[in-house]
Structures are given as structure tokens and as C-alpha cells.
Amino acid sequence: MASGVGEHQQAEVEAGTLLVASPTLTDPNFARSVVFVIDHRPAGTLGVVLNRPSEVSVADVLPSWGPHTSSPDAVFVGGPVEQRTALCLAALRTGEDPARTGGVVGVRGPVALVDLDGDPDDLAPRVRGLRVFAGYSGWDRGQLAGEIQRGDWYVVPALPDDVLAPAGYDLWGGVLRRQGVPLALLATHVTEPRRN
């Protein structure tokens with residue numbers, strides 16, 4: 001680990017923050033992952049991995065939502081918990097208030113959780129983009145705090161566009177780079193040391 005990274009001032013975990021996997025986190029579910037926190041309370045934390053597109057198209061599993069999802073139109077693997085459960089996040093257009101927009105529950109700023117039982121045609125004009133996730137990432141009381149203390153995760157602010165990052169974009173590296181030194185230096189970490 002780079003000198004000083006452990007002392008990096010981290011944001012508080014709360015809805016709308018990101019958990020960025022440290023280079024030393026090797027769990028295949030979370031290696032080089034960026035998790036968007038949807039809910040955080042004393043009983044536990046729930047979020048979705050933003051950078052794990054699957055081979056499954058949204059149109060194949062949720063046909064009415066398929067035409068409205070951001071590119072790539074893949075279902076993303078939100079995490080290892082309840083992978084048969086679908087969650088959807090949207091970034092609302094400027095001026096749209098989640099509290100006054102039907103079919104969504106605000107998470108933070110313009111990012112909202114979408115009710116997939118609603119009518120996508122009603123919601124589509126009010127959003128900049130949508131992303132569908134299969135499964136989620138969850139931590140019980142105290143579990144995430146222990147992982148952060150151990151150095152598995154960096155807690156950083158999210159940007160609304162993180163939820164809609166395009167295919168092929170290195171979200172993990174991009175989020176780290178915008179944090180400044182010392183975290184930005186971790187963005188150059190390669191997964192296979194032989195490639196250094």
C-alpha cells in the first residue's frame with residue numbers, strides 16, 4: 001500500500017457515497033469494484049457494484065425497461081446477494097425532484113432508486129439515464145466498518161454520472177484519480193504485478 005494512504009481522510013459512509021475497493025481486496029465479487037451505497041443505517045449497509053456488466057441484456061429480462069436503459073444495455077451484477085432480485089438506479093434530469101417524481105425514491109441528489117413495477121414510459125422523459133442491477137452488496141451491523149478499518153475500502157463522494165458510467169470506462173481508476181494524492185496513485189495499480 002502506498003505510504004500515507006491509510007491516513008487518507010475518507011468520507012463518511014452514507015447513502016450516495018462510493019466504496020472503492022483497495023488494490024489488496026482480492027475477493028472476486030469485489031476486486032477493483034466501485035460500490036454505490038443506496039442505504040446505510042446502524043443495522044447494515046446496502047449498495048450495488050457499478051462496474052460489473054453481465055452478458056444479459058435488460059431487454060431479455062425486463063423488456064419494457066430495455067429501451068430506456070443507458071448504454072451498455074446490460075444487466076449489471078450489483079453484488080453476490082439475491083442475484084435474482086433486480087434493482088434500478090436512475091439519474092434524474094436537472095430540475096427534477098425525486099420527492100415529486102412518481103416511481104422513484106431519492107437516494108442522494110439526482111440519483112434515485114426506481115420502482116421497476118412502474119411504467120418506464122412515464123419515467124423516461126424525467127431521467128438522464130437508467131441502470132439495472134441483478135443482486136446487491138450487503139453488510140450487517142459493524143461488518144463494513146471492520147472492512148474499512150482493515151483497509152479493504154476507500155469511502156469517497158459519488159458523482160451522479162458514476163451510476164451511468166459507459167462501457168469500457170475504467171470507473172475504478174477514474175474514481176481514484178479524481179481523489180488526489182495519495183489515492184490517485186492507486187489508480188495505476190495493475191492486477192498482475194508481472195505486467196509492471
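Pro-72 is found in the loop between helix H1 (58-61) and strand S5 (74-77), where helices (H or I, at least four residues) and strands (E, at least two) are DSSP runs, numbered from the N terminus. The peptide bond that leads from Ser-71 into Pro-72 is cis, with omega near 0°. Most peptide bonds are trans, and most residues other than glycine have a negative phi. The structure described here is a predicted model, in which local features need pLDDT of at least 70 and side-chain atom pairs count only at pLDDT 80 or more, while totals for chains, interfaces and linings use all residues. Residues are numbered from 1 along each chain as its sequence is written, and side-chain values use heavy atoms, with hydrogens and water left out.

Ser-70 lies in the loop between H1 and S5, and this residue is buried, with a relative accessible area of 13%; buried means under 20% relative accessible area, exposed means over 50%, and partly exposed is in between (1.4 Å probe, protein chains only). Leaving aside its neighbours within four places in sequence, Ser-70 is in contact with Gly-129, Leu-130, Arg-131 and Leu-164, where contact means heavy atoms within 4.5 Å.

**Residues with a positive phi**

Two residues other than glycine have a phi that is positive, and they are set side by side in the table.

| Residue | Phi | Location | Relative accessible area |
|---|---|---|---|
| Arg-32 | near 55° | loop between S1 and strand S2 (34-41) | 24%, partly exposed |
| Glu-82 | near 45° | strand S6 | 49%, partly exposed |

**Strands and their pairing**

Two strands are said to pair if DSSP finds at least two bridges between them. Strand S4 (53-57) and S5 pair in the antiparallel sense over 2 bridges, and in this pairing Pro-53 stands opposite Phe-76 in S5. S5 also pairs with S9, here in the parallel sense and over 2 bridges, with Phe-76 standing opposite Phe-133 in S9.

Strand S7 (104-108) is joined to strand S8 (residues 111-114) by 4 bridges, and the two run antiparallel. S7 and S8 form a hairpin with 2 residues between them, and Gly-109 in the turn has a positive phi of about 55°. The bridge partner of Val-104 in S8 is Val-114. Val-114 is buried, with a relative accessible area of 8%, and, leaving aside its neighbours within four places in sequence, it is in contact with several residues, among them Trp-65, Cys-88, Leu-123 and Leu-130. Although Val-114 and Leu-87 are 27 residues apart along the chain, their C-alpha atoms are separated by 7.4 Å.

**Helix H3**

Which residues of helix H3 (residues 143-150) are buried? They are Leu-144, Glu-147 and Ile-148. These residues cover an arc of only 100° around the axis, which puts them on the same side of H3; the arc is that of the directions from the helix axis to the C-beta atoms. On the other side of H3, Gln-149 and Arg-150 are exposed. The buried residues of H3 pack against strand S1 (17-21), strand S3 (44-49), S9 and strand S10 (153-157). Just after H3, Gly-151 takes a positive phi of about 95°.

Arg-150 can also be set against a residue from another part of the chain, namely Asp-97, which is found in the loop between S6 and S7. The C-alpha atoms of Asp-97 and Arg-150, 53 residues apart along the chain, are separated by 38 Å. Asp-97 is partly exposed, with a relative accessible area of 28%.

**The largest pocket**

The largest pocket has a volume of about 180 Å³. On a 1 Å grid over the protein atoms alone, a pocket is an open set of points with protein on both sides within 12 Å along at least five of seven lines, and lining residues have an atom within 4 Å of a point; grid points are joined across faces, edges and corners, and a volume is the space filled by probe spheres set on the points. Of the 14 residues that line the largest pocket, the closest to its centre are Val-61, Val-75, Gln-83, Ala-86 and Ala-134. S4, S5, strand S6 (81-92) and strand S9 (127-140) each supply at least two residues of this lining, and the largest share, 4 residues, comes from S6. The lining divides into 10 nonpolar, 3 polar and 1 charged residues, where Ala, Val, Leu, Ile, Met, Phe, Trp, Tyr, Cys and Pro count as nonpolar, Asp, Glu, Lys and Arg as charged, and the others, Gly among them, as polar.

Key:
1 Å grid on protein atoms, 1.4 Å probe; cavity = no way out; pocket = protein on both sides within 12 Å on 5 of 7 lines; lining within 4 Å.
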